[in-house]
Amino acid sequence: MNIKNNRRKRESIEKIEKSFINMIQTKEISQITVTDICKDTGLNRSTFYANFLDIYDLTDKVREKLESDFSEHFKEKEQQNSLAMFRHIYNNQIFYKTYFKLGYEEKNAVLTYDTDLAEKYFENKNLKYHIEFFRNGLNAIIKLWLAGGCKETPEEMDAILKAEYKGR
């Protein structure tokens, strides 16, 4: 296996993904072209097409990578709490802005939901509605915080969330 070419391929993919992530902050997906990315990265179109079918394939692969990175970070039990989540968001704002900009949170929850705890509090009544309400509310809070530049600290956001959700 040619290790030099593998490294070059990996570097090219990283350049393309980074360029896309930067562009998606100010443009819609439909406004980003392969030509834009190639000009930004200094790579040829053939390099782009050797790694991605089109912009939408790139979008899917970036989303999958973002979700994989997120899942990997929160795999450990001690990281599965709201303060850890807000700290991660604060330290990775571009990641989350990109994730929400791509609109995938509609289908894929950013968080895993503790259904055992919810069942305890809600006695399994209307649980699916509670989960949906909480997930969408949390996504809205995160989006608002990101849009405001994360001016509140992660600790302040954790306190806000707990104040809104107290008694549950």
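Where is Cys150 found? Cys150 sits in the loop between helix 8 and helix 9. Welcome to this structure, which is a predicted model. This briefing begins at that loop, moves on to helix 9 and its partner helix 5, and then visits helix 6 and helix 1.

**The loop before helix 9**

- Cys150 has a phi near 50°, which is a positive value in a residue other than glycine.
- For background, most residues other than glycine have a negative phi.
- Cys150 also counts as buried, because its relative accessibility is 4% and buried means under 20%.

**Helix 9 and its buried side**

- Helix 9 takes in residues 154-165, which makes 12 residues.
- At 1.5 Å a residue, helix 9 should span 16 Å, and its end C-alpha atoms are indeed 16 Å apart, so the two values agree.
- Which residues of helix 9 are buried? They are Pro154, Met157, Asp158 and Leu161.
- These buried residues cover an arc of only 100° around the axis, so they lie on the same side of helix 9.
- What do the buried residues of helix 9 pack against? Their partners are helix 5 (82-91) and helix 8 (127-147).

**Where helix 5 meets helix 9**

- The axes of helix 5 and helix 9 come within 8 Å and cross at roughly 135°.
- That angle makes helix 5 oblique to helix 9, because angles over 145 degrees would be needed for roughly antiparallel and 65 to 115 for roughly perpendicular.
- Helix 5 passes helix 9 in a right-handed crossing.
- On the helix 5 side of the contact are Ser82, Leu83, Phe86, Arg87 and Tyr90.
- On the helix 9 side, the contact involves Pro154, Glu155, Met157, Asp158, Leu161 and Lys162.
- Pro154, Met157, Asp158 and Leu161 therefore appear twice in this picture, as buried residues of helix 9 and among those that meet helix 5.

**Helix 6 and the glycine after it**

- Helix 6 covers residues 93-101, and its buried residues are Phe95, Tyr96, Thr98, Tyr99 and Phe100.
- Just after helix 6 comes Gly103, with a positive phi of about 75°.

**A buried glutamate in helix 1**

- Glu17 belongs to helix 1, which runs over residues 3-24.
- Is Glu17 buried or exposed? With a relative accessibility of 9%, Glu17 counts as buried.
- Leaving aside residues up to four places away in sequence, Glu17 touches Phe52, Leu58, Val62 and Lys65.

Technical notes. Residues are numbered from 1 along each chain as its sequence is written. This is a predicted model: local features need pLDDT of at least 70, side-chain atom pairs count only at pLDDT 80 or more; totals for chains, interfaces and linings use all residues. Side-chain values use heavy atoms; hydrogens and water are left out. Helices (H or I, at least four residues) and strands (E, at least two) are DSSP runs, numbered from the N terminus. The expected span of a helix is 1.5 Å times one less than its number of residues. Buried means under 20% relative accessible area, exposed over 50%, partly exposed in between (1.4 Å probe, protein chains only). The arc is that of the directions from the helix axis to the C-beta atoms. Contact means heavy atoms within 4.5 Å. Axes are lines fitted to C-alpha atoms, for helices over the stretch in contact, and angles run from 0 to 180 degrees between N-to-C directions. Angles under 35 degrees count as roughly parallel, over 145 as roughly antiparallel, 65 to 115 as roughly perpendicular and the rest as oblique. A crossing is left-handed if the near helix is turned anticlockwise from the far one by less than a right angle, and right-handed if clockwise.
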